[in-house]
Amino acid sequence: MSASALAPALLEALKALLGNRVSTSESDRAQHGRDESSHTPQLPDAVCRPESTEEVSAIVKLCAINKTPIVAYGAGSSLEGALIPLQGGISIDLTGMNQILSVRPEDLDATVQAGVTRKQLNAHLRDTGLFFPIDPGADATIGGMSATRASGTNAVRYGTMRENVVNLTVVLADGRIIRTRSRAKKSSAGYDLTGIFVGSEGTLGIITEITVRLYGIPEVMAAAICAFPTVEAAIDTVIQTIQMGLPISRMELLDDRAIEAVNNYSKLDLPVAPTLFFEFAGSQSSVEEQAAIVEDLARGEGASSWRWSTDADERGKLWQARHDIHWALRAIRPGTRGWGTDVCVPISALAEVIRETRKHCAQAPFFTAMVGHVGDGNFHLSMQLDRDDPAEFELASAINDRMVHLALKLGGTCTGEHGVGIGKMKFMRAEHGDAIDVMHLIKDALDPDGIFNPGKVLPPKAA
């Protein structure tokens, strides 16, 4: 869609409001018309870069008059097409709203604008003895993490964004600005509006400010890594660790093909076998005790090459390799298009879903690998596909469908953290049943003209 598709009066009004922070250049629009997913890019008609909640409100009011679609944009790291403007319209780039508004160490919380990234916030907190633990891998914005209900490697101990967002400032579809709740630790007053907007992927409102929970930096942190003879053995170790109630910080699974990619990309020499990465935190004695118990559990399942360290540089290198897995997998088959998908299941069902999915992948002509935040039953499948081979995409779609339907059958969800976006919409009614109709009622009430991120999250209404 060309920039001329935008109503001239709207474009002029936006330029009067924002000046050169409105762009219709093809390169700018192309940047905001894609994400890290396998979905086809689609250009917005214009890109707006507000610097305050009030400017976001003004943009939305102008778009509401013209019923112009709006898609909020953060770091661009979505893996399910959530940022792609399917109907053109305006991409609101919130990365310029990057102010840390308040840090309250005594209350263990901080308020930030939506464009603040997790690394930026933690760098700012460095001298306070506190940190923000949610770590999805990419240096995502706090606004984007809230909109997608992100989680990541620390979720087994600290939870997801759902548990760590105190309140939100949100711009509604008519331009009104609301705050979803107070900063009190608990409240019985009214509906849980915070929970409604966290995970809504920009379909109900635009999140502009977020108050998040902070935590004390542990006295000691240690990382450990060990290889297993089978994926099942690794998962059995995870299940036993969780059932024992050990306060472990991270527990990540990489299958043998993921380890192959990590070794190549990050210049490591790990055994090419299903591998668990652990992180322990607490006092020196508690960390040592946790590590000893988990080592015993792992060796009982046939684990080999147990390595652990409290050295910060060594831990950093290990977790950086884990966080670089997206790029490591892309590098295995250069020039391909990555399809990343995820599910989450009760931990007792994890081995079955992974085993069956690996079986389906075994004969695929393309490279596949699995990684997972297995401490909470979430794992990711990555498939590197030939951009010019429709047959590969058709097979990848079939593998994804089987994996999701098995996860749903076993009491799981179609996505643990990537979000619904475009790619997981077709599974939503199978997962939620008639609750989808209730979600449509909420959408219609908050966004009656459907201008916020149209074509995402909710499947069409039932006939």
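Visitor: In which strand is the place of S305?

Guide: The model is predicted. Strand 15 covers residues 304-309, and S305 has its place in that element. The name asked for is strand 15.

Visitor: What is the phi of S305?

Guide: S305 is not a glycine, yet its phi is positive. The value is about 50°.

Visitor: Is S305 buried, partly exposed or exposed?

Guide: Buried requires a relative accessible area under 20%, and exposed requires one over 50%. S305 has a relative accessible area of 33%, so the class in between applies. S305 is therefore partly exposed.

Visitor: Where is N453 found, and is N453 buried or exposed?

Guide: N453 is a residue other than glycine with a positive phi, near 45°. N453 lies in the segment after helix 17 (435-446). Its relative accessibility is 3%, and the limit for buried is under 20%. N453 is therefore buried.

Visitor: What is the volume of the largest cavity?

Guide: The structure holds one cavity of 30 Å³ or more. The volume of the largest cavity is about 50 Å³.

Visitor: Which strand supplies the largest share of the lining of the largest cavity?

Guide: The lining consists of I225, C226, A227, L270, P271, T275, S305 and R307. Strand 12 (220-227) and strand 15 (304-309) each give at least two of these residues. The largest share is three residues, and it comes from strand 12.

Visitor: How many residues of that lining are nonpolar, polar and charged?

Guide: Among the lining residues are T275, S305 and R307. Arg counts as charged, while Ser and Thr fall under polar. The division is five nonpolar, two polar and one charged.

Visitor: Which residues have the most contacts inside the largest nonpolar core?

Guide: In soluble globular proteins, nonpolar side chains tend to be buried together. The largest nonpolar core here has 57 residues. Those with the most contacts inside this core are F278, F280 and W306.

Visitor: Which helix gives the most to this core?

Guide: The contribution in question is eight residues. They come from the helix spanning residues 390-409, which is helix 15.

Visitor: Which residues does F280 touch?

Guide: Residues up to four places away in sequence are left out of this list. F280 touches V220, M221, A222, A224, I248, S249, V287, Q290, A291, V294 and W306.

Visitor: How many residues are in the second, separate core?

Guide: This core includes C48, A147, V165 and V171. It is separate from the core described above. Its size is 49 residues.

Technical notes:
Residues are numbered from 1 along each chain as its sequence is written. This is a predicted model: local features need pLDDT of at least 70, side-chain atom pairs count only at pLDDT 80 or more; totals for chains, interfaces and linings use all residues. Side-chain values use heavy atoms; hydrogens and water are left out. A nonpolar core is a set of buried Ala, Val, Leu, Ile, Met, Phe, Trp, Tyr and Cys residues joined through side-chain atoms within 4.5 Å. Buried means under 20% relative accessible area, exposed over 50%, partly exposed in between (1.4 Å probe, protein chains only). Helices (H or I, at least four residues) and strands (E, at least two) are DSSP runs, numbered from the N terminus. Contact means heavy atoms within 4.5 Å. On a 1 Å grid over the protein atoms alone, a cavity is a set of points where a 1.4 Å probe fits but cannot get out, and a pocket is an open set with protein on both sides within 12 Å along at least five of seven lines; lining residues have an atom within 4 Å of a point. Grid points are joined across faces, edges and corners, and a volume is the space filled by probe spheres set on the points.
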